[in-house]
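This report introduces a single protein chain to a reader who has not met it before. The sequence and the structure are shown first, and the description follows.

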Amino acid sequence: MGLVNIDEELEQLLQQSPELAHAFLVGGCVRDALLSLPVKDIDIEVYGINYEKLVAALSRSGKTDLVGKSFGVVKLKTPSGRVYDFSIPRRDSKVAPGHKGFQIEFDPAITTSEAAARRDFTINSILYDPRKNLLIDHFGGADDLKNGILRHTSNAFAEDPLRVLRGMQLAARFNLTAAPETLRLCRTIVESYPQLALERVWEEWAKWAAKSRFPSRGLQFLLASGWITHYPELQALIGTPQDPEWHPEGDVFIHTCHCCDAMAALPEWQALEEHSRIYYMFATLCHDLGKPRTTFVAEKGGHDRIISPGHEKAGGPIAESFLSRINAPRELVEHVLPLVLNHMAHFQDPSDRAIRRLSKRLAPENIEGLTLLMTADSFGRPPLPPLLPSSIVKLKEKARELNVSTAAPAPLLLGRHLIERGIPPGPRIGQILDAAYEEQLEGQIASLEQALAWLDKKLKN
């Protein structure tokens, strides 16, 4: 068995096609195999052949898609339905600012070393020959991976500033520490950030949020590389103090790093679908963004204490600003903001009416998601032990008891009930339904029968 397990169909293709005699597995599939992680997408780079001959060779084995022709990529769909990306190596020359400012040159005579040098990091520059079970590692990527080092492959790294954000999410996904020379190079291109297309910025942040095992590694990478300056909402957390009794870990930035790591470690988070993991990781990242504006020292109980009253409310607009800056989809913003605005709700009124109203305020989110954020917030305070406060336990239990863990109560009184009683469609129906729902949240209406009795009394009066 080889390092990267390939199916029999691909193995036969590589063995029986003379045009693919110099075809190698490259990039993430090799990296993930070295880490003993599941290999999902297999990319193959083919040397000593031009694009047209590559297409002709692959067409004998399945359906080819030339959508990536300008980048030298051919997608092959085999009879079994599997899809592989084949590419020919290229040289990229920076000729203009921005992610489109590259001149691409394809050369069948390019060497594996020259091609690997154009890749971003050494851990992504490793080639693998499945026929010989042989690694081709020109830049020491396997050793860097083993030692947890994130190192740029060559000075060509600086030609594409997006690679810095790629470094952020790779460090977080694979628990890597950036090499000092890589950080120095990143600092020399800090000013090139405006060249990045916003959709590509979001793609890297989304990978950080969805796939991180140690999200703090990515945040620390931003800090060490100087690129955190492009995210003033995060930069403001650095040096914002916290009361050492409650937060012995340090300032708000350090606390946020610990909280993000705590979220990534929760089995409940790991079991979620990708879009939900992204929601809750960004809620964790943003939950204390209001503290820099609300933190001060005040005398409490005869002692000076560091407090941040109202930081939840203050954090809402700041979180929205940050999410807009990274081009986050509006749907994500709508999920994150109510979590930020209510992440201290377990310290407030625990009555039934308060919890029902909380479930309504959280929409489209819910109390189950909110308590996940609260858990990460509580666990992000080492050396304090990761113990769940009783206030969060009670909130979860009461929400389940009231059947509002995953959504606010559904309205009992509906428009059809009013129309059945002769009320014509119009603004008045909405006003009555709103009033009925308020009574329901207050606990005055608990069944349809009570709702209809309330309606009849209201109409009579």
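Which residues does Arg353 touch, not counting residues up to four places away in sequence? In this predicted model, Arg353 touches Leu441 and Glu442. Arg353 is located in helix α17 (residues 352-362). With a relative accessible area of 34%, Arg353 is partly exposed, because the buried class ends under 20% and the exposed class begins over 50%. Val164 lies 189 residues from Arg353 in sequence, and the two are 48 Å apart in space, C-alpha to C-alpha.

**The open sheet**

An open sheet is formed by 7 strands in the order β3-β4-β5-β2-β1-β8-β9, with mixed pairing. The edges are taken by β3 and β9 (134-136), each with a single partner strand, so one side of each has no neighbour in the sheet. From one strand to the next, the twist averages 35 degrees. As a general point, the strands of a sheet pair through backbone hydrogen bonds, either parallel or antiparallel.

Three of the pairings can be described in detail. Strand β3 (residues 63-65) pairs with β4 in the antiparallel sense over 3 bridges, and Thr64 stands opposite Leu76 in β4. On the way to β5, β4 is joined by 5 bridges, and these two strands also run antiparallel; here Val74 stands opposite Phe86 in β5. Elsewhere in the sheet, β1 and strand β8 (residues 127-129) are antiparallel over 2 bridges, with Tyr128 in β8 as the bridge partner of Leu25.

Two helices pack on this sheet. Helix α1 (residues 8-16) touches β1, β2, β4 and β5, and its direction makes about 30 degrees with that of β5. The helix α3 touches β2, β3, β4 and β5, and its direction makes about 5 degrees with that of β4.

The strand β4 has two unlike faces: Val74 and Leu76 are on the covered one, while Val73, Lys75 and Lys77 are on the uncovered one. With β5 it forms a hairpin that has 5 residues between the strands, and Gly81 in the turn has a positive phi of about 100 degrees. Thr78 is in the loop between β4 (73-77) and β5 (83-87). Is Thr78 buried or exposed? Its relative accessible area is 7%, so Thr78 is buried. Leaving aside neighbours within four places in sequence, Thr78 is in contact with Glu9, Ser61 and Tyr84.

**Nonpolar cores**

In soluble globular proteins, nonpolar side chains tend to be buried together. The largest nonpolar core of this model has 82 residues, of which Trp205, Trp208, Phe282 and Phe322 touch the most other members. A second, separate core of 26 residues includes Leu13, Leu14, Val46 and Ile126. Phe282 is in contact with several residues beyond its sequence neighbours, among them Trp202, Ala209, Leu323, Ile326, Leu332 and Val336.

**Aromatic pairs**

The structure holds 11 aromatic pairs. Two of them are set out below.

| Pair | Centre to centre | Angle between planes | Arrangement |
|---|---|---|---|
| Phe24 and Tyr47 | 5.8 Å | 65 degrees | edge-to-face |
| Trp205 and Phe322 | 5.5 Å | 85 degrees | edge-to-face |

The pair of Phe24 and Tyr47 links distant parts of the chain, 23 residues apart: Phe24 is in strand β1 (residues 23-26), and Tyr47 is in the loop between β2 (43-46) and α3 (51-59). Phe24 is buried, with a relative accessible area of 8%, and Tyr47 is buried as well, with a relative accessible area of 5%.

Trp205 and Phe322 also link distant parts of the chain, with their positions 117 residues apart: Trp205 belongs to helix α8 (residues 198-211) and Phe322 to helix α15 (residues 311-325). Both residues are buried. They belong to one aromatic cluster, which is formed by Tyr193, Trp202, Trp205, Trp208, Trp227, Tyr231, Phe282 and Phe322. Another ring, that of Trp269, has the charged end of Arg277 over it, 5.8 Å from the ring centre.

**Helix α9**

In helix α9 (residues 215-225), the buried residues include Pro215, Ser216, Gly218, Leu219, Phe221, Leu222 and Ser225. Just after α9, Gly226 takes a positive phi of about 85 degrees.

Note on methods
Residues numbered from 1 in each chain as written. Predicted model: local features only at pLDDT ≥ 70, side-chain atom pairs only at ≥ 80, totals over all residues. Heavy atoms only, no water. Helix = DSSP H or I, 4+ residues; strand = E, 2+ residues; numbered from the N terminus. Buried < 20%, exposed > 50% of the residue type's maximum accessible area, 1.4 Å probe, protein only. Contact = heavy atoms within 4.5 Å. Core = buried A, V, L, I, M, F, W, Y, C linked by side-chain atoms within 4.5 Å. Phe/Tyr/Trp six-rings, centres within 6.5 Å; stacked < 30°, edge-to-face > 60°. Lys NZ or Arg CZ within 6 Å of the ring centre and 35° of its normal. Pairing = 2+ DSSP bridges. Axes fitted to C-alpha atoms, helices over the stretch in contact; angles between N-to-C directions.
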